[in-house]
2 protein chains.
Amino acid sequence: MAKGKSAPTMADVAREAGVALGTVSRVVNGEQVGEEYREKVQAAIRQLGYRYNSSGRALRTDSTNTIALIIPNTINPYFSLLVHHINCELEKRNYKMMLCFTEYDRSREIEFIQMAQQNRVDGVIALTYNPNLVIPEDIPFVTIDRFFSVSVPCVASDNFGGGWMAAKKLKELGCTNTAFLRIGSTLTHEPSKRKDGFVSACVEMGLPFEIMALEDGQPFSEFERFLSDHIKDGKLSFDGLFIGTDSLAWRIIQLLKKMNIRVPEDVQVIGFDGIRIFGDQDYVVSTIVQPVQEIAEACVSTVLSRHLSSVPSLICLPVSYAYGGTTKE
Amino acid sequence: MAKGKSAPTMADVAREAGVALGTVSRVVNGEQVGEEYREKVQAAIRQLGYRYNSSGRALRTDSTNTIALIIPNTINPYFSLLVHHINCELEKRNYKMMLCFTEYDRSREIEFIQMAQQNRVDGVIALTYNPNLVIPEDIPFVTIDRFFSVSVPCVASDNFGGGWMAAKKLKELGCTNTAFLRIGSTLTHEPSKRKDGFVSACVEMGLPFEIMALEDGQPFSEFERFLSDHIKDGKLSFDGLFIGTDSLAWRIIQLLKKMNIRVPEDVQVIGFDGIRIFGDQDYVVSTIVQPVQEIAEACVSTVLSRHLSSVPSLICLPVSYAYGGTTKE
DNA sequence: TGGAATTCATGAAACGTTTCATAACTACTT
DNA sequence: AAGTAGTTATGAAACGTTTCATGAATTCCA
């Protein structure tokens with residue numbers, strides 16, 4: 001607050017209404033109160049323009065109606081969608097969101113968890129990369145895309161199934177030689193299974209494939225080298241690419257354009273995530289779509305469920321394929 | 001918090017360290033304390049894993065180190081960038097952000113302002129559309145893109161200059177017949193000046209132009225009709241378009257594609273905002289770039305400046321042109 | 001060496017809630 | 001008519017901090 005006389009308190013309302021403090025509290029919280037009392041109090045509230053002070057309430061109840069969301073940033077459109085939907089779900093349930101951007105900084109991930117506890121949030125939803133992260137036991141905690149232990153519920157989409165689906169789709173679209181490209185992190189998380197699903201399906205269908213994973217520290221230009229190495233007589237030997245994320249797919253497509261390889265005529269490309277620019281417009285690339293809305297819903301309802309014991313430890317939600325112009329269909 | 005013994009308090013630390021409560025407080029807040037006391041307290045803090053309780057502090061000091069950011073959503077990449085940069089600036093100064101999505105809902109805008117006051121935030125940054133919004137006087141308030149009164153600082157980019165720049169650029173690029181397209185809102189705000197700048201420059205340079213503004217309620221298909229009406233012998237009579245936002249520009253370009261009009265060969269298109277997909281990748285369309293980082297910095301430093309009297313009431317930041325493939329250069 | 005000036009820890013009060021034991025009713029039973 | 005059960009308002013305590021008046025200990029100077 002700033003200058004000016006400070007906001008009215010419950011005591012002010014009580015005095016104005018000629019009623020006890022506790023009675024005001026019960027009216028404000030919608031508890032059982034005699035009709036005439038309720039009316040007097042409500043009149044006084046309107047009169048004074050009273051609104052309860054959340055700090056006071058939080059101090060007394062030791063709960064803030066706030067959930068912390070820990071996420072790298074909001075620049076990547078996938079994260080931005082996630083933030084949006086999680087916020088919507090929280091708002092429905094009258095919770096607030098405390099947003100924490102880590103920028104992929106591992107020490108910040110730790111710090112934010114501490115800060116969340118300090119602020120007495122009622123739960124944490126976290127999408128993190130620190131391999132040594134310690135999840136506090138004394139606070140409802142839900143992770144996205146990374147499984148820690150059976151006592152920490154994890155929400156993810158069906159990454160394995162998505163990889164499988166991508167391979168099948170490429171085959172259907174007539175591809176005969178494929179590759180999987182990703183920016184590797186040494187971290188093992190749910191999205192790592194995209195590759196596994198892809199590989200399994202390729203093996204089962206007898207579809208040839210190669211894997212190219214950029215390890216931590218290798219420059220992006222390695223992809224250029226990799227692709228160049230696979231050009232014979234000015235023609236790329238792959239006719240289908242499955243790429244770890246839409247973001248990377250987008251960059252690879254720029255690269256292909258620069259190399260005068262046409263998409264989807266010469267090579268068809270499928271990404272992963274389901275990014276659409278400007279909300280409900282077309283998909284940026286052909287892609288395996290993550291069900292963001294459902295993921296958000298699952299995170300929120302899980303983190304808010306009191307009886308965490310009865311909650312599954314891995315919630316895996318179905319993905320779907322969407323055309324985005326970088327495949328023939 | 002949840003189950004388990006509750007977190008240690010200052011009293012616990014004081015007892016552990018054999019020291020008075022107030023002393024602990026002063027150590028925690030980095031105030032002057034005798035060396036031996038400080039050491040004893042810090043040891044006890046480490047020992048117990050103490051972290052201060054923000055609710056208690058907030059109640060006592062009537063301030064939360066939190067700024068509310070009221071914004072439509074985070075789906076539009078421009079908003080998403082803004083959120084990101086504002087959060088970074090706040091974090092630098094050790095403030096938290098309370099994020100409020102209005103979804104362009106005017107009643108929500110009002111509600112969030114009340115909620116912000118209720119939560120005793122230390123200030124509000126708001127990007128709103130409600131024409132009748134009442135700005136509270138008793139709390140630091142900064143608006144983005146909309147000027148309310150001299151007592152409420154407004155941060156915006158140089159919309160007029162940007163419109164002007166767009167016209168000049170189109171002329172430079174050889175355009176001889178132009179149009180300005182926008183989705184109109186009846187609201188007068190800073191971005192409305194984009195048109196004014198464009199018109200002024202066109203008039204001054206003798207560049208022909210038309211205006212097409214979609215009013216509230218008119219369907220998007222009106223744009224299709226408008227463009228069709230301007231086709232003669234299969235050729236669009238405009239060779240340059242300036243469009244109110246990148247988001248709309250993107251949709252218009254999809255439309256042009258559908259109509260078999262080539263961009264930029266047949267018509268060059270300039271948008272406004274400076275959206276880049278996937279962060280630092282290329283601009284989505286050729287555009288007038290808003291200096292988001294500077295806007296964020298201005299918002300934050302203004303809302304946090306104690307002496308609001310000496311702050312300008314309209315902070316207008318320079319824009320720039322960026323090539324994004326929808327113009328010849 | 002005694003007194004004044006200075007430094008600095010102490011402990012209680014206050015912030016605005018919620019909650020709980022108590023008291024004041026009312027209505028019912030016998 | 002008197003006692004009991006049931007309802008509901010009351011007022012004080014407690015949540016964890018910050019802050020302020022107080023007093024103890026030290027330093028400094030004459």
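This report walks through a predicted model of two chains, A and B, looking at their symmetry, one helix and a few backbone details.

## How the two chains relate

Let's start with the overall arrangement. Chain B is superposed on chain A by a rotation of 180 degrees with 0.0 Å of shift along the axis, and the RMSD is 0.1 Å. The two copies are thus related as by a two-fold rotation axis. Within chain B, B:Ser55 has the C-alpha nearest that axis, at 2.6 Å.

The interface tells a matching story: 100% of the interface residues of chain B are also interface residues in chain A, so the copies meet through the same surface.

## B:Leu59 and its contacts

A good residue to click on next is B:Leu59, which sits in helix α4 (residues 54-61) of chain B. Setting aside neighbours within four places in sequence, B:Leu59 is in contact with A:Ser55, A:Gly56 and A:Leu59.

With 19 other C-beta atoms within 10 Å, B:Leu59 is partly exposed; the buried class begins at 20. Within chain B, the C-alpha atoms of B:Leu59 and B:Arg120 are 9.2 Å apart, although 61 residues separate the two along the chain.

## Helix α3 of chain A

Helix α3 of chain A covers residues 35-48, and its 14 residues reach 20 Å from first C-alpha to last, close to the 20 Å expected at 1.5 Å a residue. Which residues of α3(A) are buried? They are A:Lys40, A:Val41, A:Ala44 and A:Ile45. These residues cover an arc of only 135 degrees around the axis, which puts them on the same side of α3(A).

The buried residues of α3(A) pack against α1 (10-17) and α2 (21-28) of chain A. On the other side of the helix, A:Glu35, A:Glu36 and A:Arg46 are exposed. After α3(A) comes A:Gly49, with a positive phi near 65 degrees.

## Backbone details worth a look

If you are checking torsions, note the cis peptide bond from A:Val263 to A:Pro264, with omega near 5 degrees. A:Pro264 lies in the loop between α10 (246-258) and β11 (268-273) of chain A. In chain B, the bond from B:Val263 to B:Pro264 is also cis, with omega near 5 degrees, and B:Pro264 is in the loop between α10 (246-258) and β11 (268-273) of that chain.

Positive phi values turn up in residues other than glycine, too. A:Asp233 has phi near 50 degrees and is found in the loop between β8 (231-232) and β9 (235-236) of chain A; with 5 C-beta neighbours inside 10 Å, A:Asp233 counts as exposed. B:Asn65 has a positive phi of about 55 degrees in the loop between α4 and β1 (66-71) of chain B, and with 15 other C-beta atoms within 10 Å, B:Asn65 is partly exposed.

Key:
Residues numbered from 1 in each chain as written. Chains lettered and ligands numbered in written order. Predicted model: local features only at pLDDT ≥ 70, side-chain atom pairs only at ≥ 80, totals over all residues. Helix = DSSP H or I, 4+ residues; strand = E, 2+ residues; numbered from the N terminus. Expected span 1.5 Å × (residues − 1). Buried ≥ 20, exposed ≤ 12 C-beta atoms within 10 Å, placed from the backbone. Arc of directions from axis to C-beta. Contact = placed C-beta atoms within 7 Å. Least-squares fit on C-alpha atoms with pLDDT ≥ 70 in both.
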